[in-house]
Amino acid sequence: NVRVVCRLRPMSERERRIGTVPAATASTERKEVVVARKTAGGRQSKMTFKFDEVLSSFSTQEDAFAATLQPLVGQVLAG
């Protein structure tokens with residue numbers, strides 16, 4: 001089985017300092033990421049993407065391991 005996991009990175013210190021608005025938001029419950037972008041006409045367009053697992057920008061390395069490698073390691077060790 002192939003699982004697709006998306007992890008949003010936290011904003012950098014520079015991005016926070018200049019007041020950058022995140023282009024994507026994550027919903028861990030709905031397992032989706034919404035990307036907002038401005039169109040040529042100045043309007044905002046939103047696209048939603050579904051994944052097997054979504055990790056927000058607040059997720060830890062432990063969260064990433066638990067969602068990705070831990071199940072795989074268990075399957076390998078079980079044979």
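In this predicted model, a polar atom of the E15 side chain lies 2.6 Å from the backbone nitrogen of S12. E15 itself sits in helix α1, which covers residues 13-17. Its relative accessibility is 17%, so E15 counts as buried, the cut-off for that label being under 20%. Apart from residues up to four places away in sequence, E15 touches R9, P10 and T20. A reader who wishes to find this spot can thus start from helix α1 and look for the pairing of the E15 side chain with the backbone of S12.

The strands come next, beginning with β2 and β3. Strand β2 takes in residues 24-27 and runs antiparallel to β3, with four bridges joining the two. Within this pairing, A26 of β2 has V33 as its bridge partner in β3. Four residues stand between the strands of the β2 and β3 hairpin, where K31 takes a positive phi near 55 degrees.

Strand β3, made up of residues 32-38, also pairs with strand β4, residues 44-50. These two strands run antiparallel as well, and seven bridges join them. On the β4 side, V33 finds its bridge partner in F49, while E32 stands opposite K50. V33 is therefore a handy landmark for following the strands, because it is partnered by A26 and by F49 in β4, with strand pairing itself resting on at least two bridges. The hairpin of β3 and β4 has five residues between its strands, and here G42 is the residue with a positive phi, near 90 degrees.

Further along the chain, strand β5 spans residues 53-55 and includes L55. With a relative accessibility of 8%, L55 counts as buried. Once neighbours within four places in sequence are set aside, the contacts of L55 are V5, C6, R7, L8, D63, A64 and A67. L55 and I18 are 37 residues apart in sequence, and their C-alpha atoms are 25 Å apart in space.

Attention can now turn to the pockets. The largest pocket has a volume of about 370 Å³. Its lining is made of 16 residues, and those nearest the centre are R9, M11, P22, A24 and S57. Helix α1 and strand β2 are the elements that give two or more residues to this lining. Of the elements, β2 gives the most, with three residues. By character, the lining of the largest pocket holds nine nonpolar, four polar and three charged residues. R9 appears here among the residues nearest the pocket centre, and R9 is also one of the residues touched by E15.

The second largest pocket contains about 210 Å³ of space. Its lining consists of N1, R3, V5, A67, T68, L69, P71, L72 and Q75. Helix α3, residues 69-78, gives the most to this lining, with four residues. Five of the lining residues are nonpolar, three are polar and one is charged. Two names recur from the account of strand β5: V5 and A67 line the second largest pocket, and both are among the contacts of L55.

Note on methods: Residues are numbered from 1 along each chain as its sequence is written. This is a predicted model: local features need pLDDT of at least 70, side-chain atom pairs count only at pLDDT 80 or more; totals for chains, interfaces and linings use all residues. Side-chain values use heavy atoms; hydrogens and water are left out. Buried means under 20% relative accessible area, exposed over 50%, partly exposed in between (1.4 Å probe, protein chains only). A polar contact is a pair of N or O atoms within 3.5 Å; within protein, one must be able to donate a hydrogen and the other to accept it, and residues adjacent in sequence count only if both atoms are side-chain atoms. Contact means heavy atoms within 4.5 Å. On a 1 Å grid over the protein atoms alone, a cavity is a set of points where a 1.4 Å probe fits but cannot get out, and a pocket is an open set with protein on both sides within 12 Å along at least five of seven lines; lining residues have an atom within 4 Å of a point. Grid points are joined across faces, edges and corners, and a volume is the space filled by probe spheres set on the points. Ala, Val, Leu, Ile, Met, Phe, Trp, Tyr, Cys and Pro count as nonpolar, Asp, Glu, Lys and Arg as charged, and the others, Gly among them, as polar.
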